[in-house]
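Hello,

Here is the structure I promised to pass on to you. Have a look at it first, and then read on for what turned up.

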Number of protein chains: 2
Amino acid sequence: MSMNFARNVRGADIPVGPASGWFACLMVVLMAARGFCVSPDETAAELGQKALADSGAMTIVADLTTEIGPRLAGSDAEKRAAAWAKQRFEKLGFDKVWVEEFPVEHGWIRGEERAAIVSPSPQPLVVTALGSSVPTPPGGLEAEIALFTSYEEMLAVPTNGLAGKIAVVTQRMTTTRDASGYGAINRIRGAGPGEAARRGAVAYLVRSLSTDDRRLAHAGATRYPADAPHIPAAALAAPDAAQLERLVAKGGPVRVRLLLTPRLPGPVTSQNVIGEIKGRERPDEIVLLGAHLDSWDLGTGAIDDGAGVAIVMAAAKCIRELPQRPRRTVRVVLFGAEEFGLIGGRAYAAAHKAELNRYVVVAEPDLGQGPVYAFQTGFVNPDDPAVGRMRAALAPLGIAEDDNKSHGSSDVEPLAEQGVPAVTLKMDATDYFNLHHTADDTLDKIKPERLNQSTAAYVVFTYLAAELPADFRGAPTSGTR
Amino acid sequence: MSMNFARNVRGADIPVGPASGWFACLMVVLMAARGFCVSPDETAAELGQKALADSGAMTIVADLTTEIGPRLAGSDAEKRAAAWAKQRFEKLGFDKVWVEEFPVEHGWIRGEERAAIVSPSPQPLVVTALGSSVPTPPGGLEAEIALFTSYEEMLAVPTNGLAGKIAVVTQRMTTTRDASGYGAINRIRGAGPGEAARRGAVAYLVRSLSTDDRRLAHAGATRYPADAPHIPAAALAAPDAAQLERLVAKGGPVRVRLLLTPRLPGPVTSQNVIGEIKGRERPDEIVLLGAHLDSWDLGTGAIDDGAGVAIVMAAAKCIRELPQRPRRTVRVVLFGAEEFGLIGGRAYAAAHKAELNRYVVVAEPDLGQGPVYAFQTGFVNPDDPAVGRMRAALAPLGIAEDDNKSHGSSDVEPLAEQGVPAVTLKMDATDYFNLHHTADDTLDKIKPERLNQSTAAYVVFTYLAAELPADFRGAPTSGTR
């Protein structure tokens, strides 16, 4: 899956890959070489078509997930991924590449994880510890379960109503295109262990936040509140949650044994890896693309978020290959430690607090491979003609206009919270939560045409944001050259 | 999912379930109650329609997979399943129910199973030990892999050509409706470890015999030849096989660590559980339906072969509920220890050798939930009018005519090999090998409409085979009443 690079007459790297991609790329270079007679809109359209044909994103995600594999926040594997990313930025000809380290308060390393129904019908259960979960006693624990088919039902239990029990919540997640089904219930994973502990539970099991029927448990972080005991917490595979529901429905107590041996090694470090393409006219103004380099440890982090890493790296690479840099700087930040609560995103926002006024716009893909179906802005001047030009350039990719309520996503949210303009290129998440946070998040699940469309969307938006003089930080501008 | 039973005026148990099923059942009883004016063809048609609406098979497979779960050959769980089956036969009103024990030469109990890429990019691999595999040394073993994308390539390696290596075969399985894609390559699992050992390999990994991309390894038995060392053998999940292919394609050695700790406790026992409905006129003539009660240990054996158990139990139950028994005896045999090589089927054929001439016809579903799409006979008299009546009765269920080459399937093959007539109600196996032998073989994968159609096919065929006087063991008969 690797791609060779050859140097063309103007000094830009162009991929020597499939003939169509090479030809498309050459066309862009030739078009751009015509100089002032090519409008930014035409260049954006050409860039989009080139990326659709072969953006180079598949090569990036294939290499990352194969050469590194899983890359848990704060782990050696995440550090190897950071070194890999730095090298890749350099190989792709980014003008400046650097790494910014930051502390992670609590490291977490998965251990053994086993569960079984003890009675009435002994059989194993598929579970995975939630991120940050404390371990069970070394020999495991065994208790009767108290099963709730909705989280609200558990919350209705009074203090000590779950004393000595393993609380089990089997609420289903609904499939949605915009990931709202996840947002609606992820507190069941995040806050559930604390709520169960407040009611006296000795452990907590949650049906995986999953829209699929695979016998794989979905990982994901949980957060212990300060005012409740920290109890071991794990996700059940969807079929195992259904099995417990059936056994409970038959009447009589159901006893479960649980063993989790995660380690919590205390403070660790993570890092953000940054590559930028210096703007030719306004190098101090930044269009920032983010993605997170860390992943859960069960899969190889292909859709979460190797895909995002590939999309933003490849989009910037396509811009880098133009015969001239765009007006503004394009900065790509590959964040660390996203999965434990946007730790890299918050560290970046804190470290760059003094330069927040330099960010013209920020965006981050963190919902898999796409396709992108809508363009949502979060501008003070959404009616700026430049926004219309972006919409017009995205339309041929099947991307619709959306509202102006973007507050960014994932790691760029801490920037958007401080007033930095953000956009969301909304990705179709219909099948994302089939794979998300599971062992099944592997390269084979990524379809090149979906990844290329998403990359095309990012390259079109990014190029226009960096090239058009419109400034989304202030009053509307003409948006013309 | 349990079903209540009420006694009707004629003393037959009829299920009180969904109104439609109850009504259909009542209609059958009323039709049959009219006595000699109802032809077997009409009764078969009614039975088929009743089973399509609600055969009771879902309840059986739900109860088996929930109340027992996995039931590995020779295990305590398999014995619990046998006790469950005996009780269920009795509850369903079978006339005679008994258990026949038999020895299994080698028991096998799965232990820990872990594998990882050690270099160039450390990451875990999803594997599962093949049934009968010997363990690795207690600390595991580590070696460079020799990867073959086809089994023939490995067979072309000369003696000692794999010395010290872990042999890896990643040949893909093709998806077929008739399961021929499995038949074409299952020697890669069965004979592969022996062939690798002959060439000096220290362990053997085979890409799961799978048509799916799930990160689950598929279990299944292997057989060591007498003339080669017994080396540890495991299946790789499909995405892991692809990962190794990509790493090997990048060049340089790939080292893998493997730990398998199965136990081989020596001789164990298993059992066949038998229930029969005594024929009203020719009780010594037997129509035998088989299915296997054991399953692999990773899932709950829903499609393999809880579905088959449910189909044949429910089909016989529907016949049992008729106001009068059919002419011949219907015997249902739930075989033990199928997964380790038809051990229960062979034991049955041996134990019943003296009565082989009593079997009018045998059949067994062992390809999941169906639907059944073709009716294949294996008769000396395939042109008997009774066969035409069977075909006509099956046609409304969407079941086509097939050839006369049936030699039975699974556990009834040892009977067919000795000349007992067999039929194959061919099941659509297009998606069967997505789930087969994995942790994902769970109840939620079964669609009631598919299971009911298969049960309808079995009830129609079985009723006519037991009721029509045609005898497939000898010369054609008139096939009329």
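A small puzzle to begin with: which residue in β10(A) is the bridge partner of A129(A)? The answer is A234(A).

Before the rest, a word on how to read my notes. This is a predicted model, in which local features need pLDDT of at least 70 and side-chain atom pairs count only at pLDDT 80 or more, while totals for chains, interfaces and linings use all residues. Residues are numbered from 1 along each chain as its sequence is written, chains are lettered from A and ligands numbered from 1 in the order in which they are written, and side-chain values use heavy atoms, with hydrogens and water left out.

**The sheet in chain A**

Helices (H or I, at least four residues) and strands (E, at least two) are DSSP runs, numbered from the N terminus. Two strands pair if DSSP finds at least two bridges between them. In chain A, eight strands make an open sheet with mixed pairing, in the order β5-β4-β11-β7-β8-β9-β10-β6. Because β5 and β6 (127-129) of chain A stand at the edges with a single partner strand each, one side of each is left without a neighbour in the sheet. On average, neighbouring strands of this sheet are turned by 35° against each other, direction ignored.

At the β6 edge, β6(A) runs antiparallel to β10(A) (residues 233-236), and three bridges join them. At the other edge, β5(A) pairs with β4(A) in the antiparallel sense, also over three bridges. In that pairing I117(A) has Q123(A) of β5(A) as its bridge partner. A hairpin through three residues joins β4(A) to β5(A). P120(A) sits in the loop between these two strands, and the peptide bond leading to P120(A) from S119(A) is cis, with omega near 15°. β4(A) is also joined to β11(A), antiparallel, by six bridges; there E113(A) stands opposite L260(A).

Helix α8(A) packs on the sheet, touching strands that include β4, β5 and β7 (141-148) of chain A, and its direction makes about 85° with that of β7(A). Such angles run from 0 to 180 degrees between N-to-C directions, with axes fitted as lines to C-alpha atoms, for helices over the stretch in contact.

**Where the two chains meet**

The contact (heavy atoms within 4.5 Å) takes 30 residues from chain A and 30 residues from chain B. Together the chains bury about 2,500 Å², 50% of it on carbon and sulfur atoms; this is the accessible area (1.4 Å probe) lost when the two are put together, summed over both.

How many salt bridges does the rule find across the interface of chain A and chain B? There are six, each a side-chain nitrogen of Lys or Arg within 4 Å of a carboxyl oxygen of Asp or Glu. One of them links D213(A) and R214(B) (3.5 Å, N to O). On the side of chain A that touches chain B, the elements giving two or more residues are α3 (57-67), β5 (123-125) and α8 (238-249).

**Two backbone details**

The peptide bond from D304(A) to D305(A) is cis, with omega near 5°, and D305(A) is found in helix α9 (residues 302-320) of chain A. In chain B, N160(B) has a positive phi of about 70° although it is not a glycine; N160(B) lies in the loop between α5 (151-155) and β8 (166-169).

Enjoy exploring it!
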